[in-house]
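Q: Please take a close look at one part of this structure and describe how it is built into the rest of the chain. A connected account in formal terms would be most useful.

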Amino acid sequence: MSLATENFIPETPFGMVLEADNGDSLFDLDKNELQKLILDESFIILRGFEALSNEKMCDFARQFGELLKWDFGYVLELQLKQNPQNHIFSEGRVELHWDGAFASVEPRFNFFQCLDGSAETGGGETTFLNTVKFLDSLPQDSLDMIKDIVISYQADKKAHYGGSIETPLVSKHPVTGKLRMQFIEPFNEDNADVNPVVTAIKGFEDEQNDRLLKQIIDWCYQSRYFYDHRWQKGDYVMVDNNALLHGRRRFQGTGLTRSLKRIHII
Ligand SMILES: [Fe+2]
């Protein structure tokens, strides 16, 4: 792409990094080329570009579509809080999920700016699973076990999301038509007391339900298309929310300063 150098991200199983040649502005990038790259690669790091205010971040994001407005507005500030209402603001780990599961409309892209990065010592990494590549890599008998199931999820609305939904586990990506997976990982011990999501496979008894859900979780975390993203200060990240699931590793003592801003593009 003009004005930026495009490369694969070292030691990651998918995604690309675009590095600004001279500390350029994100607005110098060709939005059509960038959108195609997000859909092709699912995960794009934009590195070395100038910092943007919340307002400018929104202006940039609007080039790709309308923005999803939450109770707090368009820009979510992801920092730890004391006595959080929702575990995304806590030190605990966050289960794999896709954004907007409980919203009236699901975002196509998640757009992040990293103000302060992950600790060198580890903790607080965002976990990503490329579900298109994941499903593609599953043995046929495993895929047959899960391809027709429908899962119901229920969560209390304690922060900006919650409600009841029913979703097929495997469906087609609305733009590329490729098979993708939508899943909210149950049994997160760090969220059991804060804001748990009750998860049930339709038509399954309790024991059969738990066994298959645990099997799916194992497949996700063992997949070669699962990876831990360590945030680097100044980076922007654009994610295809229709193709990837994401979560977060538990914070460790020195990683508590990680600070991100996030916008949802519909
Ligand atoms: Fe999320």
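A: In this predicted model, strands β2 and β3 run parallel and are joined by four bridges. One point of register is given by L18, whose bridge partner in β3 is L46. The connection between the two strands passes through a helix: β2, α1 and β3 together make a β-α-β unit, and this unit is right-handed.

Strand β3 also takes part in a second pairing. Four bridges join β3 to strand β14, residues 236-240, and here the strands run antiparallel. In this pairing F43 has V239 of β14 as its bridge partner. Strand β3 is therefore bridged in the parallel sense to β2 and in the antiparallel sense to β14. How far is β3 enclosed by the rest of the structure? Four of its five residues are buried, so the strand is largely enclosed.

The residue that leads into β3 deserves separate attention. S42 lies in the loop between α1 (31-41) and β3 (43-47). Its phi is positive, about 75 degrees, although S42 is not a glycine. As background, most residues other than glycine have a negative phi. S42 counts as buried because it has 26 C-beta neighbours inside 10 Å, and 20 or more are required for that class.

At the start of the unit, the loop between β1 (4-8) and β2 (16-20) holds another residue of this kind, E11. E11 is not a glycine either, and its phi is positive, near 60 degrees. Buried or exposed, in the case of E11? E11 is exposed, because 6 other C-beta atoms lie within 10 Å and the limit for exposure is 12 or fewer. The two positive-phi residues thus stand in contrasting surroundings, S42 being buried and E11 exposed.

The strands of the close-up also contribute to the nonpolar interior. The largest nonpolar core has 52 residues, and those with the most contacts inside it are I44, L129 and M238. Of these, I44 falls within the span of β3, 43-47, and M238 within β14, residues 236-240. L129 belongs to strand β7, residues 126-130. Leaving aside residues up to four places away in sequence, L129 touches L96, F134, C220, S223, Y225, F226, L244 and L245.

Strand β7 leads to another part of the chain, an open sheet of four strands. Its order is β5-β15-β7-β13, with antiparallel pairing. The edge strands of this sheet are β5 (94-97) and β13 (226-229), each of which pairs on one side only. Neighbouring strands are turned against each other by 15 degrees on average, direction ignored. Within the sheet, β7 and β13 pair over four bridges in the antiparallel sense, and T126 has H229 of β13 as its bridge partner. Two of the residues that L129 touches, L96 and F226, lie within the spans of the edge strands β5 and β13.

A further open sheet has three strands in the order β9-β8-β12, again with antiparallel pairing. Strands β9 (163-168) and β12 stand at its edges with a single partner strand each, so one side of each is left without a neighbour in the sheet. The twist from one strand to the next averages 15 degrees. Strand β8, residues 150-155, pairs with β12 in the antiparallel sense over four bridges, and Y153 stands opposite T199 in β12.

The loop that precedes β12 comes close in space to the end of β8. N195 is found in this loop, which runs between β11 (179-181) and β12 (198-201). N195 and A155 are 40 residues apart in sequence, while their C-alpha atoms are 6.9 Å apart in space. N195 counts as buried because it has 20 C-beta neighbours inside 10 Å, and 20 is the number at which that class begins.

These parts belong to a chain with five helices and 16 strands. Its radius of gyration is 18 Å, close to the 18 Å that the globule rule gives for 266 residues, so the chain is as compact as a globular protein of that length. Along the principal axes, the C-alpha atoms fill a box of roughly 60 × 40 × 35 Å. Buried residues account for 35% of the 266 residues. Among contacts between residues at least 6 apart in sequence, 79% join residues at least 24 apart.

Terms used:
Residues numbered from 1 in each chain as written. Predicted model: local features only at pLDDT ≥ 70, side-chain atom pairs only at ≥ 80, totals over all residues. Rg over C-alpha atoms; globule rule 2.2 N^0.38 Å. Contact = placed C-beta atoms within 7 Å. Pairing = 2+ DSSP bridges. Axes fitted to C-alpha atoms, helices over the stretch in contact; angles between N-to-C directions. Core = buried A, V, L, I, M, F, W, Y, C linked by C-beta atoms within 7 Å. Right-handed = clockwise from strand over helix to strand, strands pointing away.
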